[in-house]
Amino acid sequence: MKRKLLLVLLAAQLPVCIGLACWEQFDALTIAFFPWVKLGEGLRGLSLSSAGGNIAAILLYAGICLLPLAYLGYRSLQKRVRIEDGLLALLCAVLFAHLYMLINPGLFPSPLGVEEMSGMAGSMVVYSVALGYALLRVLRAIKAGGTDFLLHSLKILLALLCALFVFCVFTLELSGLLTQLRTLTQTNTDGADLGLSRLFLLLQYLVRVLPYAWNLAALLWAIPCIRALERSPYGEALAQALRRLGALCRLAVQSILLSQIGLHTLQFALGMRVRTVSYHMFVPLSSLLFLLGLLLFSAYFERVRQWKAEHDLFI
């Protein structure tokens, strides 16, 4: 995927993410429940509507839950069944149990309620089995496809990670910021000026999303590296792209660490004039490891290219 096309797709995703963040009823659990809770409610309503509706609900329930087995049967007819396809049978069983609990919540009482307890747990199981099956299929395809397929899959993975980072910045973290701003206004009714406190909430948000932003920038710079690697593994274009990527990763790691230090120092200096502070030591290890991994990747390829050049001169 070309970087310009990816930027267009990310720009199209942006207003959707911001809209979700501005929706006051949005919760991260909404994603976990989607679409199973609403599907269960719809099937329950259809079942209670009439005798014909009950039959239709049963048929829809069975049809949805049997979809993984239908796909397994199709692969069996094509004689392409592999060991990981056994997860399709497990997914079918999980869907039957999960949707049944959502359609009949009265049969499974819980102190937290079926939507909060069973809905979240069941949805997580469904997604974990489905995602595990998809990843195992991808790994098998990469093993059989060779280097070209591996590079193509890597570009798709980078694009998906970019979309995930945009979602984290402009939906999950932005939703948390808006919730904090509303809470600050509701809990401080003495007429005091809250401008500085709101500013610090914004700064805390920026510090939290900075690792995601740098990860996104590094991935966008990694795409030209992959394209250069496809054209010429030891060419000058790849060397230049890797040097830029390495410089970007070094700058990212430094700025992430310095932003943490700067925010905490500024909060401590202003003291009681700020009504919302956050002194927890947040070290984004996953983002730092990701950026350091890209830095190591760029340094390794640069070293390999130098060895290749020296070997060619020797010959």
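In what order do the elements of the chain run from the N terminus on? Follow the chain along and you get α-α-α-α-α-α-α-α-α-α. That fits the overall count, which is 10 helices and zero strands. Keep in mind as you look around that this is a predicted model.

Let's start with the whole chain. There are 315 residues here, and 34% of them count as buried. The accessible surface comes to about 18700 Å², and carbon and sulfur atoms make up 71% of that. How do the contacts spread along the sequence? Take the contacts with a separation of 6 or more: residues 24 or more positions apart account for 77% of them.

Now pick out one helix, H6, which covers residues 86-103. With its 18 residues, helix H6 reaches 26 Å from its first C-alpha to its last, close to the 26 Å expected at 1.5 Å a residue. Which residues of H6 are buried? Reading along the helix, they are Leu88, Leu91, Cys92, Val94, Leu95, His98, Leu99, Leu102 and Ile103. A bit of helix geometry helps in reading a list like that. An α-helix has 3.6 residues a turn, so residues three or four places apart point the same way. With that in mind, try tracing Leu88, Leu91, Leu95, His98 and Leu102, which are among the buried residues of H6.

Next, the aromatic rings. How many aromatic pairs does the structure hold? There are four, and two of them make a good tour. Trp36 and Tyr127 form a tilted pair, with 6.3 Å from centre to centre and 50° between the planes. This pair links distant parts of the chain: Trp36 sits in helix H3 (residues 36-49) and Tyr127 in helix H7 (residues 118-187), 91 residues apart. Are the two partners buried or exposed? Trp36 has a relative accessible area of 12%, so it counts as buried, the cut-off being under 20%. Tyr127, at 31% relative accessibility, is partly exposed.

The other pair to look at brings you back to helix H7. Phe165 and Tyr212 have ring centres 6.3 Å apart and planes at 40°, so this pair is tilted as well. Here too, distant parts of the chain are linked: Phe165 belongs to helix H7 and Tyr212 to helix H8 (residues 195-231), with their positions 47 residues apart in the numbering. Phe165 is buried, at 10% relative accessibility, whereas Tyr212, at 24%, counts as partly exposed.

Note on methods: Residues numbered from 1 in each chain as written. Predicted model: local features only at pLDDT ≥ 70, side-chain atom pairs only at ≥ 80, totals over all residues. Heavy atoms only, no water. Helix = DSSP H or I, 4+ residues; strand = E, 2+ residues; numbered from the N terminus. Buried < 20%, exposed > 50% of the residue type's maximum accessible area, 1.4 Å probe, protein only. Contact = heavy atoms within 4.5 Å. Areas by Shrake-Rupley, 256 points an atom, 1.4 Å probe, with all protein chains shown as cover. Expected span 1.5 Å × (residues − 1). Phe/Tyr/Trp six-rings, centres within 6.5 Å; stacked < 30°, edge-to-face > 60°.
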